[in-house]
Amino acid sequence: MAVLDDLSGFEFEDLMEDVFRNLGYENVRQAERTADEGRDVIMEEVVDGTRRAIIVECKHTGTVGRPVVQKLHSAIATFEFDGPKRGMVATTGRFTNPAEEYADRLQRNDDPYPIELIDGEDLREIADEIGLDLYNGRIEILCDETLRPYDPAADVDAPVQEAFRDIENIEAADLPVPHSQVTFRPVVAITADTNAVFETSVGVIHRINDRTQFVVHAERGHPKMADDEVATLVTENFHATVPLDTGQFTEVFDDVDERRFGQTQTEYKEWAVDRLQDYHTTTVTYTGDNNVTYNKTCEPNLSDISVQSIEPVYLPEVRQTTEILEYSYPYEYYAAGPSRVTLEDGIHRCVHCETSGVDETYTYCPNCGAIACNTHIKTERLEGEPVCTGCAVTERFALKRKYFYDEENLDAFRKEYAEMPIHEKAMENKLLAGGSVVVTLLLVVGLLIIGGII
């Protein structure tokens with residue numbers, strides 16, 4: 001009981017809100033702390049198709065007596081809800097015999113407002129059942145589910161092989177096996193409702209009725225919103241999670257790393273509520289009864305925002321690095337089975353300039369292993385194969401620069417060039433040769449004109 005005993009009263013209310021949300025109750029929210037009227041947490045459940053309200057009194061004390069239970073019974077009776085209602089009292093300590101007898105009598109008499117009692121020992125058992133640890137006075141997120149780090153119907157290297165398909169002059173069969181590592185990064189998917197009505201003397205001037213879903217990167221440090229692509233990847237694949245078995249994944253990947261969730265459920269909930277409060281705050285212009293125009297800032301109260309669910313899961317970040325001769329090509333992405341969001345594509349990138357992106361054309365240089373754009377790829381003169389400008393040996397022949405794999409090929413072509421007849425040498429620079437022919441023809445025509453022949 002050491003951790004529970006260290007909680008403040010407000011922290012205990014936060015804790016119970018998280019516990020109930022993890023147990024599957026809906027619309028879990030805290031009442032205003034200024035005057036809770038005997039109810040700290042309010043939530044709902046659906047039983048046999050009927051929605052029922054539950055009013056919870058949280059008591060962070062050593063013992064809870066009958067007056068607390070009686071007070072809650074009265075609070076349930078006055079709570080406005082269109083449907084059946086019941087109550088709970090949750091405590092870090094224990095209940096006195098009169099308190100337990102009062103709650104039992106309500107149950108036996110089929111009272112319309114029955115009350116369930118949860119003591120400190122019950123809380124420990126509930127935490128174990130839902131897979132949560134009470135940690136530093138809050139609930140630490142413990143998750144053993146992950147999105148799939150690779151497509152089980154394909155080889156783990158399939159994404160890299162697919163990326164190399166766009167590269168000219170290299171076949172997937174010629175690729176070395178890339179070094180593969182996966183980091184299981186924690187994220188939480190949060191669903192929250194915001195319901196608020198803003199009124200003045202002229203009536204309702206603004207209304208908020210919104211359900212928001214977003215995904216948050218949940219490692220150490222301040223929570224960070226995932227971008228739309230990543231959020232979609234997570235939410236669309238929640239139904240296809242698998243157990244996070246690092247031993248199994250070690251057989252597939254060269255390196256496996258698992259990160260912890262950096263904050264507690266309560267902290268993520270508070271962060272989400274603050275963010276939604278800022279998001280929905282707006283200034284409304286309206287005309288009063290006196291025909292004067294007013295501006296009013298409409299900011300929802302924290303109690304207007306209800307976090308419906310905080311769903312943790314691990315998002316695999318896969319990094320596969322292919323080493324080819326002198327170059328290393330990283331390909332990094334978030335994975336969810338066959339789906340993925342690319343983080344870094346070092347394959348569709350010229351090693352010699354800033355050209356990048358899948359819309360460009362790239363060619364593989366077998367001489368050094370470079371992947372280069374059209375500007376930095378030439379044709380090797382002796383063998384007629386691609387060579388990049390970074391490794392090629394060059395020399396001018398017929399006033400045109402020629403590219404060679406190495407000095408040996410250059411020497412071989414020098415000898416070949418020396419033995420060429422003059423017209424073949426001229427053709428080593430087709431543009432120059434073509435221009436010479438045109439100039440010669442123009443000269444002949446000019447002489448014929450001067451001589452009066454034409």
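The following dialogue examines how several descriptions of this predicted model are justified.

Biologist: What makes up the secondary structure of the protein?

Modeller: The protein has 12 helices and 26 strands. Of its 454 residues, 44% are buried.

Biologist: How much of the accessible surface belongs to carbon and sulfur atoms?

Modeller: The accessible surface is about 23900 Å², and carbon and sulfur atoms account for 46% of it. As for contacts with a separation of 6 or more, 62% are between residues 24 or more positions apart.

Biologist: How many disulfides does the structure hold?

Modeller: The structure holds 0 disulfides. Cys350, for instance, is in no disulfide, and the nearest cysteine sulfur, that of Cys353, lies 3.7 Å away. A disulfide requires two cysteine sulfur atoms within 2.5 Å, so the distance of 3.7 Å from Cys350 to Cys353 does not meet the cut-off.

Biologist: Why is the sulfur of Cys391 not counted as bonded to that of Cys368?

Modeller: The closest cysteine sulfur to that of Cys391 belongs to Cys368, and the two are 3.7 Å apart. Because a disulfide needs a distance within 2.5 Å, this pair is too far apart for a bond.

Biologist: Why is Cys350 called buried or exposed?

Modeller: The relative accessibility of Cys350 is 2%. Buried means under 20%, and therefore Cys350 counts as buried.

Biologist: Where is Asp48, and what is its phi?

Modeller: Asp48 is located in the loop that joins strand 2 (41-47) to strand 3 (50-59). Its phi is positive, about 55 degrees, although Asp48 is not a glycine.

Biologist: How do you know whether Asp48 is buried or exposed?

Modeller: Asp48 has a relative accessibility of 80%. The term exposed applies over 50%, so Asp48 counts as exposed.

Biologist: What can be said of phi in Leu399, and where does this residue lie?

Modeller: Leu399 is a residue other than glycine with a positive phi, near 65 degrees. The residue lies in the loop between strand 25 (393-397) and strand 26 (400-404). Its relative accessible area is 65%; since exposed means over 50%, Leu399 is therefore exposed.

Biologist: Why is Glu57 called buried or exposed?

Modeller: Glu57 is part of strand 3. Its relative accessible area is 6%, and the limit for buried is under 20%, so Glu57 is buried.

Biologist: What makes the pairing of the Glu57 and Lys59 side chains a polar contact?

Modeller: The side chains of Glu57 and Lys59 make this contact at 3.4 Å. The cut-off for a pair of N or O atoms is within 3.5 Å, where one must be able to donate a hydrogen and the other to accept it. The value of 3.4 Å therefore satisfies the distance limit.

Terms used:
Residues numbered from 1 in each chain as written. Predicted model: local features only at pLDDT ≥ 70, side-chain atom pairs only at ≥ 80, totals over all residues. Heavy atoms only, no water. Buried < 20%, exposed > 50% of the residue type's maximum accessible area, 1.4 Å probe, protein only. Helix = DSSP H or I, 4+ residues; strand = E, 2+ residues; numbered from the N terminus. Contact = heavy atoms within 4.5 Å. Areas by Shrake-Rupley, 256 points an atom, 1.4 Å probe, with all protein chains shown as cover.
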